[in-house]
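Me: I've got a structure on the screen and would like to talk it through, one question at a time. Could you walk me round it?

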Amino acid sequence: MQHRQHGFTLIEIAIVLVIIGVLLGGILKGQEMLTQSKIRAVEKELDGVAVAILGYRDRYKALPGDDPLASGRWNGVGDGDADGKIAGNFNSSTGSDESMLGWQHLRLAGLIGGDSSNGKQPLNAAGGITGFQTDLSNNTSTLLHGTVICTTNLAAKIANAIDAQQDDGRPGQGSILGFQQSAVNTPDFNTAITAYTDGAGQYTICRNV
């Protein structure tokens with residue numbers, strides 16, 4: 001007795017393709033929603049840090065980290081040198097640098113959340129860090145003057161969206177500058193870039209307070 005082999009009908013194949021399309025569409029939509037949420041979170045953090053720094057300056061007449069009277073308010077806290085600048089790199093890991101002391105000052109003042117026992121930089125929504133310092137320079141010139149906030153480890157899509165929404169979308173000019181990273185949390189300030197390119201690594205963006 002011969003057994004007839006049954007294949008898939010065109011309708012069954014069409015149904016499977018539709019299901020696959022719906023699943024792929026859902027995955028892509030979910031990824032886009034996740035990216036948008038990261039963009040909003042990083043933007044909110046940058047704005048929040050700027051407001052906190054300005055609030056500290058208004059309240060104590062000093063920049064966080066540079067405040068020479070911090071130890072008089074909070075026991076066991078380091079003081080700044082009151083030169084009007086936040087010394088140290090935004091991504092410093094040296095606890096005595098003013099760029100790290102500043103986070104402790106902000107937390108103790110209740111202007112920002114986090115562990116007030118140290119000055120460790122907070123993580124952003126992309127898994128990088130956010131920090132601040134005075135002036136942003138390469139080997140030849142100052143790129144941004146005054147108090148500067150930087151946030152790291154951003155994908156090209158996130159960095160480009162923030163730059164475009166808050167500035168001009170061009171990493172080499174404007175109020176927001178973008179830099180490709182040479183390592184995790186380590187931007188290359190010496191090499192100018194003209195665009196945020198997918199697949200070219202991670203980026204750091206910096207802006208004035």
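**Starting from the enclosed strand**

Reply: Sure, let's begin with S5: five of its six residues are buried, so this strand is largely enclosed by the rest of the structure. Bear in mind that this is a predicted model.

Me: What is the order of the strands in the sheet?

Reply: Strands of a sheet pair through backbone hydrogen bonds, either parallel or antiparallel. Here the pairing is antiparallel, and the sheet is an open one made of five strands. Strand S1 (130-137) and strand S4 (186-187) sit at the edges, each pairing on one side only. Reading across, the order is S1-S2-S5-S3-S4.

Me: How many bridges join S2 to S5?

Reply: These two strands run antiparallel. One pairing to look for is Leu154, which stands opposite Tyr203 in S5. The count of bridges joining S2 to S5 is five.

Me: And on the S3 side, which residue in S5 is the bridge partner of Leu177?

Reply: Strand S3 (residues 176-183) and strand S5 (residues 203-208) run antiparallel, with five bridges joining them. Ile176 stands opposite Arg207 in S5. For Leu177, the bridge partner in S5 is Cys206.

Me: How many residues lie between S1 and S2 in their hairpin?

Reply: S1 pairs with strand S2 (residues 142-154) in the antiparallel sense, over seven bridges. Phe132, for instance, has Ile149 in S2 as its bridge partner. The hairpin that S1 and S2 form has a linker of four residues.

Me: Let's move to charges. Which side chain meets Arg207 in a salt bridge?

Reply: Side chains of opposite charge can pair when their charged atoms come close. A search of the whole structure turns up two salt bridges. In the one with Arg207, the N to O distance is 2.8 Å, and the partner is Asp47. That pair links distant parts of the chain, 160 residues apart, with Arg207 in strand S5 and Asp47 in helix H1.

Me: Is Arg207 buried or exposed?

Reply: The cut-off for buried is under 20% relative accessible area. Its partner Asp47 has 35% relative accessibility and so counts as partly exposed. Arg207 has 14% relative accessibility, so this residue counts as buried.

Me: How far apart are the closest N and O atoms of Arg73 and Asp67?

Reply: Arg73 is partly exposed, with a relative accessible area of 31%. Asp67 has 1% relative accessibility, so Asp67 counts as buried. Arg73 and Asp67 form a salt bridge, and their closest N and O atoms are 2.5 Å apart.

Me: Now the helices. Why is helix H3 described as largely enclosed by the rest of the structure?

Reply: Helix H3 covers residues 98-108, and what matters is how many of its residues are buried. Among the buried ones are Trp103, His105, Glu98 and Arg107. Just after H3, Gly110 takes a positive phi of about 75 degrees. H3 is largely enclosed because its buried residues number 10 of the 11.

Me: What about the nonpolar patch on the surface: how much accessible area do its residues have together?

Reply: The patch is formed by Leu10, Ile13, Val16, Leu17, Ile20 and Leu24. Leu10 is found in helix H1 (residues 10-60), and at 74% relative accessibility Leu10 counts as exposed. An α-helix has 3.6 residues a turn, so residues three or four places apart point the same way. Together the patch residues have an accessible area of about 590 Å².

Me: Stepping back, in what order do the elements of the chain run from the N terminus?

Reply: The secondary structure comes to four helices and five strands. From the N terminus on, the elements run α-α-α-β-β-α-β-β-β.

Me: What is the radius of gyration of the chain?

Reply: Along its principal axes the C-alpha trace spans about 95 × 40 × 25 Å. A compact globule of 209 residues would have a radius of gyration near 17 Å. The chain itself has 24 Å.

Me: Last one: what share of the residues of the chain count as buried?

Reply: The chain exposes about 11,500 Å², with carbon and sulfur atoms supplying 55% of that area. Of its 209 residues, the share that count as buried is 38%.

Terms used
Residues numbered from 1 in each chain as written. Predicted model: local features only at pLDDT ≥ 70, side-chain atom pairs only at ≥ 80, totals over all residues. Heavy atoms only, no water. Patch = residues over 30% accessible without salt bridge, like charges linked within 9 Å, V, L, I, M, F, W, Y side chains within 5 Å. Areas by Shrake-Rupley, 256 points an atom, 1.4 Å probe, with all protein chains shown as cover. Salt bridge = Lys/Arg side-chain N within 4 Å of Asp/Glu carboxyl O. Buried < 20%, exposed > 50% of the residue type's maximum accessible area, 1.4 Å probe, protein only. Rg over C-alpha atoms; globule rule 2.2 N^0.38 Å. Pairing = 2+ DSSP bridges.
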